[in-house]
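Here are my notes after a first pass through the coordinates. Have a look at the structure, then see if you read it the way I do.

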Amino acid sequence: MPIPALFLRVAVPSPLHRLFDYLAPAECNPAALAPGMRVRVPFGKTKTIGILVEVVAHSAVESGRLKTALEVLDEQPLLSADLLQLAQWASGYYHYPLGEVFASMLPALLRSGKAPETKSLRRWRITPQGATIAPDSLTRAPRQAALMRLLHAHPEGLSSAQFLEHPGDWQETLRALIKKGWVEIDETGDAGHIPQSREQPLMLNPPQQEAVTAACDALGNFQAFLLDGVTGSGKTEVYLQIIEQTLARGLQALVLVPEIGLTPQLIERFQRRFNLPLAVLHSGMSDRERLSAWVIARGGQASIIIGTRSAVFTPLKNPGVIIIDEEHDTSFKQQDGFRYSARDVAVMRAHQANIPVILGSATPSLESLHNVNSGRYHSLKLPERAGSALHPSIETLDVRHQPMDDNLSQPLLTLIARHLAQDNQVLLFLNRRGYAPTLLCHDCGWVAECRRCDAHLTLHQGSRLLQCHHCGTQRPLDKHCPACKSTDLRALGYGTERIEHALKNKFPETLITRIDRDSTRRKGTLKTLLEGVHSGASQILLGTQMLAKGHHFPDVTLVGILDTDQGLFSADFRASERMAQLILQVAGRAGRAEKTGQVVLQTHHPDHPLLQLLLTQGYHRFAEAALEERRDVGLPPYSTLALLRAEASHRDYPQQFLNQAREAAQVLNMAGVELLGPVPAPMEKRAGHYRAHLLIQATRRSDLHQLLDAWLPGLKKIPGQRKVRWALDVDPTEMV
Ligand code: ADP
Ligand code: ZN
Ligand code: ZN
């Protein structure tokens, strides 16, 4: 009897929106094939690795034209059925090729064919001999002393993830300690029996208790919660106790945090509480570390998985709950390639897995508040700060007519001096790094511009560079004006570097810590800088939005926002929402312990209606007003959007393509959908490319997707298509 032919339907990472059929390799056992396995296949002139989606008995492709798959790489499916289902949904919803979706879900080493194995279960433990060594006696080897202190505190041993935030080359230091016989490696993969929480849970206040109970009652069922609590109201404590109950049922917890909020502090807090191996996933990790975290999450050795955006796709052996901290944060949306929202994917994942999902924020997104209003999400409120901490007072500081000294008004300087004199700390916020955003020739008016973008170059005084913050181009600082040779070049405007400089002159006795992407570039420096603040050595803390999230600075009693007005006037309809969130997030850093905080906003528009509403009535009244505005003009969440973006090195091509695309959509004549544009992007030229976009808007989500399904496949045939790079952004969050 002839063996019936088998065809493998494979999702290959390629821009083509389709699966590819292959003949099964001759030596493979058809019974052992299952969706979710990786398959190496010939593709065009090369070979690639795809994911097996289906094994079928018929193929629409003529048999003569079918190629044979080279090799099935896995004995067990690498991707479980639930992740396959999630990927299919995401591919459909974001109109992004399934093979590319899979590629974004997998750690690089798995994409390139490596086996899903790890050495990460390795732990380092202090030896009996090492236990007799006092870390403080190692005065000549400060790094060894620091690691010994850590190992003393964890006699059960530490995993590599737990050393990760340690400054310097900890592996080298560990090797030295092993040589001395003070430290040993445990590779049994057994974390030891440490079921007891090391740090005891706090007694919950009634709203916290209500939140924990509601979420835990939902374990085993899908329900979406918005945990809506002001900064310091004890949201993290609520997460910790939900997780504790989840673990007690033998289930895993997946915790998503913003890119910047993944602070050493948060990980340490989880470790203190649980003392279990954590799987940590963020962009600063090596490929090997990512693979390890992925493997121990999939195998169930890690019960808690903490990570940034892409961690939403981490495999879980026993999914129990998903928590999204700071759910309003923009870093949950991927802004290139596969442009998904990790928050929205997480809610869908919870829905498919039938588990609860908790979205936490002090300043919830208008989308999530709308979902509460419409009954889709269940609201859990923590109205008060936990413990004894008081709400900070927030007031505007009218800087009109005020003499400004390096962007610092006299009343602010007086306040800073007063708080410092009381031995408190001050936090100053300015969301612009570098020394100055513009370099100007005073003699002829020349301005240093980026050749590749519609943007000025930012002056960085410390490195003596001019840098474009949009494309990364940099060049040495000019000594003379390139136009008129004058040496009178002046810095215009203010960045954190310049404010730091000014503060050093004003407060020469005070140690100032600046935290932004430039000052924390080297691995470990962020931690060192934060330690200086927590120890009290540094009294003025200055920084960008890196400071706005997640940190606790209990001794900060004064927060100054130097440039409030940046967010007030912007073409982006989300700008005022972002401004309100940022103000409250920054304000939330102050006075978290017994000390009451004072927050001042330097502004030229103290009477701005939304700003007034926010300060006098609070975030929720502000959000209601902002939602009303959105409803009146039919913007999200009262409509859904998709943005078709195009770019090319020639200015006309994107608009030509988008005009043709628009015509193609009009031919389809779909009801309920409106096309707006095309228009040039707000920053038309970026990194040498001219950009334009076409906005697609619909009141009903289904109308939007119906159009996209019918329209997108045809775009590949539009004549102008070859001259541009184009991409679709579903639920765009940035219009730039
Ligand atoms: P959030 O995550 O909402 O900013 P946290 O969970 O970090 O708040 O709590 C803020 C502070 O309040 C922390 O120092 C925490 O230890 C304390 N805290 C939280 N819950 C309680 C509680 N039930 N009783 C006493 N203190 C609490
Ligand atoms: Zn000049
Ligand atoms: Zn540029």
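**Notes on helix, zinc site and cores**

1. Starting with α17: A575, S576, E577, M579, A580, Q581, I583, Q585, V586 and A587 are buried in this helix. That makes 10 of its 13 residues, so α17 is largely enclosed by the rest of the structure. Keep in mind that this is a predicted model.

2. The geometry of α17 looks regular to me. It covers residues 575–587 and spans 18 Å from first C-alpha to last, close to the 18 Å expected at 1.5 Å a residue.

3. Next, the zinc ion (ligand 2). Its donors are the SG atoms of C441, C444, C481 and C484, sitting at 2.2 to 2.4 Å. The angles among these 4 donor atoms run from 106 to 112°, and the site is tetrahedral. For reference, the ideal angle for four tetrahedral donors is 109.5 degrees.

4. Along the chain, the donors follow the spacing C-x2-C-x36-C-x2-C. C444 and C484 link distant parts of the chain, 40 residues apart: C444 lies in the loop between β21 (438–441) and β22 (458–460), and C484 in the loop between β24 (474–476) and β25 (489–492).

5. Are those two cysteines buried or exposed? Neither, quite: C444 is partly exposed at 39% relative accessible area, and C484 is also partly exposed, at 33%.

6. Finally, the nonpolar cores. The largest has 108 residues, with Y94, F102, L256, L427, L644, I696 and W711 making the most contacts inside it. Taking L644 as an example, its contacts beyond four places in sequence include F657, L658, I696, W711 and W726. A second, separate core has 31 residues, among them A218, V238, I243 and I267.

Key
Residues numbered from 1 in each chain as written. Chains lettered and ligands numbered in written order. Predicted model: local features only at pLDDT ≥ 70, side-chain atom pairs only at ≥ 80, totals over all residues. Heavy atoms only, no water. Donors = N, O, S within 2.8 Å, 3.2 Å for Na, K, Ca; no water. Tetrahedral: all angles 85-135°; square planar, octahedral: opposite > 155°, others 65-115°. Helix = DSSP H or I, 4+ residues; strand = E, 2+ residues; numbered from the N terminus. Buried < 20%, exposed > 50% of the residue type's maximum accessible area, 1.4 Å probe, protein only. Core = buried A, V, L, I, M, F, W, Y, C linked by side-chain atoms within 4.5 Å. Contact = heavy atoms within 4.5 Å. Expected span 1.5 Å × (residues − 1).
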